[in-house]
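Colleague: I am new to this structure and would like a close look at a single part of it. Please take chain B slowly, and explain each term as you use it.

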Amino acid sequence: MEEKSMATADDIKKLQDRVSRLESAVGAAIVDPAGPWGGGGGGVIPVHRPVGDPAPIDVSRFSAAQLQSSLHSINAEKTRLAAMEGLVNQELEKRKAKS
Amino acid sequence: MALHRYWPRGRGVNVRDLNSESVRLPSIDPRACKQRVLLIGFQDQDNLGLRYLMSAVNTVGHAAEIMTYRSDPDFFLQRIQQEKPDVVGFSLIFQYMAPEFGRVIQALREAGVTAHFTMGGHYASFEPAEILRRIPGLDSVVRFDGEVTLVNLLNYLGKGADYRSLPGLAFRSASGEIQKQPLAKVVENLDDLPLPDRRSIDYEGHPMPTASILGSRGCPWDCSFCSIRPFYEEQGGPLRRLRAPKAVVDEMLDLHRNRTVPIFLFQDDDFLAGGKNAKRWAMEIADLLAQSGYAGEVAFKISCRSDEIDAEILNCLMAGGLTHVYMGVESGDEEGLINMSKRIVPETHLRAGRILKEAGLSFDFGFMLLDPYSTFRSVRQNIAFLEAFIGDGWAVAPFCRMLPYAGTPIERRLQAEGRLLGTQFEPDYNFLDPKLDVFYDWMIRAFYERNFTNQGLCHLLRGLLFEAHLRLPGRSRVTESQRAYLHYLTAICNRTACYTLRCAVDHIESTSLEDLAKDPAFLDGLVAHERIEETRLVNQLAQYYDWVHPDHDAIPGPVGGFDKSWTFHEGDREAAGIGAAQRA
């Protein structure tokens, strides 16, 4: 049972190949979303980014409530991005001041 | 328009003396039997009021114990039957709790308890007749500062004398009529009172012992929503009494050396109120702490107004260990501040915020998004103010509405305008614009968890921000980048709330009352949005906590932690301004 639930070396190889293909498609390394302490391989700060261009969206299919809810979600992400921008800028300013 | 035009002429706000004779604590009457007293009240933040009473009673030779209040009478009955106290004293902190205290008292009487029942606290002091009428099991009310009156009461009861002539008491006469004696004289020198009895507080068992302390009593400011000045005005004596700085510092150092306490929360209504003299007094306390050799080993928090913050006093207080400031901001709208009689403009709040941030000090503040004279304009202004003040996440944005407590100018004003609603114990009002009532009811629905519970973001973030800025080098474990991340999360929390509030304001203002009643979908959607974002943030806060406390062995976690120092008990919700949440 244990062996069946574990990934084989072949499975890992397939996953690695897939990640490589995706990375070449988006032109950047893909890492796990890091915890706040910068784990998961580090490298980029975790912000939501779509992999590849989104498909066309027909907004007329959505109800007013769905559109409203979408607006709230968009605003939530904008809020998070603005706060993250502040955090990153603050750190950059600190680095500049040190150097 | 110049704000000073709205300042009452000829009414100073400095500490001033009223006509009274100072008294000292009476000694035990040699003819009196020693009385056993059980004092019952909330123990949040040490409840120094009860502990001063306990100490006064014990010092003169009677014997007092303290029990934490619970709504279950059996909890008290067991102990009362065991110890058979002669007197039970109830400390009523929150006006709205009076009916519940009444039920407990009635149950104790029905169970056969014959001890003398007395009660104290702000509401009981202002409205003793109402309390005695509504709680027939109560024998007396000790009005205003209670040390002298309570000891006198015990002396009289101890010798079987008629206590009903005692100053400071209200009681029911033999004919059932409620009578109030003239008030007792005030103990002007607070250092004449014995220090609060803290023996039953388990500081040593807490990973970050935190003690409350009082350097003064009273406040000279006359904010319309506050009952502190009316309390001290009515009882006579100075509007603010200051203890000797050395006595305050000695008490702190004793608690530090002998009881392991490193953090002190000054419970003074306004630590810096009273002009230059009061500032000199505060700086002397800080200087004495700095010179004591314990600088860096003790930290303290004060409460004050934003116009009392300046760099000079802040530097001095920080040298003595200041780590946190609570400010009574209350409103970010100029007209709102005038209505509150705050004698301040929003820019003063913003300036204080900048100074505190520059100094690296954490702060939090009280804020009433709504008051009886609110308009949609003032609410919008308040939201914009919150974004400017703490949109960066330096502090978490709390908000509630003003409640017209007993004894306050706003209560009298609403009464005069025929707008005072609710009950004696739960005073209420409607807004001038009925759509604001809709907004308020929605606000409670959307932000109850966030603003008024121990699991809510306000409570969690306040505690974590306090910890992140704690100026105790040996004990602080939060790094600079961890602190920055916490401010990032707080910024999201604040901005999300401001967005949600603004959406609701826009929608409610532009929709008829009829349509608002017919179609609540938009407002429901906003509540759902706020909850989703809060859930995300709480999860991130849990991650943050693990990051800072991988071993969970330092300060207890956000949930259930900090209650010792940064409390927001369920019972406080009415005090926080959500009394009308259930009215609909």
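Modeller: What follows is a walk through chain B, with its domains, strands and one helix taken in turn.

This is a predicted model, in which local features need pLDDT of at least 70 and side-chain atom pairs count only at pLDDT 80 or more, while totals for chains, interfaces and linings use all residues. Residues are numbered from 1 along each chain as its sequence is written, and chains are lettered from A and ligands numbered from 1 in the order in which they are written.

For the complex, the predictor gives an ipTM of 0.81 and a pTM of 0.87. Chain B has an average pLDDT of 89, with 90% of its residues scoring at least 70; pLDDT is the predictor's confidence in each residue, from 0 to 100. Residues 1-20 of chain B stay under 50, and over residues 553-584 of chain B the pLDDT is also below 50.

The domain assignment, which is an automatic or database one, divides chain B into domain 1 (36-180), domain 2 (202-360) and domain 3 (372-381 + 390-398 + 424-584). The C-alpha centres of domain 2 of chain B and domain 3 of chain B are 24 Å apart, and their contact takes 19 residues from domain 2 of chain B and 16 residues from domain 3 of chain B; two residues are in contact if their C-beta atoms, placed from the backbone, lie within 7 Å. On the side of domain 2 of chain B that touches domain 3 of chain B, the elements giving two or more residues are β11 (263-266), β13 (322-330) and α11 (334-339) of chain B, and the largest share, three residues, comes from α11(B). Helices (H or I, at least four residues) and strands (E, at least two) are DSSP runs, numbered from the N terminus.

Turning to the strands, chain B has an open sheet of six strands in the order β8-β11-β12-β13-β14-β15, with parallel pairing, where two strands pair if DSSP finds at least two bridges between them. Its edge strands are β8 (210-213) and β15 (400-401) of chain B, each pairing on one side only. Strand β14 (residues 362-370) of chain B pairs with β15(B) over two bridges in the parallel sense, and B:Leu370 stands opposite B:Arg401 in β15(B).

Elsewhere in chain B, strand β5 (residues 140-142) and strand β6 (residues 169-172) run antiparallel and are joined by three bridges, with B:Leu169 in β6(B) as the bridge partner of B:Val142. Three bridges also join β6(B) to strand β7 (residues 178-180) of chain B, again antiparallel, and here B:Ala170 stands opposite B:Lys180 in β7(B). The hairpin of β6(B) and β7(B) has five residues between the strands, and in it B:Gly176 takes a positive phi near 90 degrees.

Finally, helix α17 (residues 480-509) of chain B has 30 residues, which should span 44 Å at 1.5 Å a residue, and its end C-alpha atoms, 43 Å apart, agree with this; the expected span is 1.5 Å times one less than the number of residues. Because 21 of the 30 residues of α17(B) are buried, the helix is largely enclosed by the rest of the structure. A residue is buried if 20 or more other C-beta atoms, placed from the backbone, lie within 10 Å of its own, exposed if 12 or fewer, and partly exposed in between. B:Ala497 has its place in helix α17 of chain B and counts as buried because it has 27 C-beta neighbours inside 10 Å.
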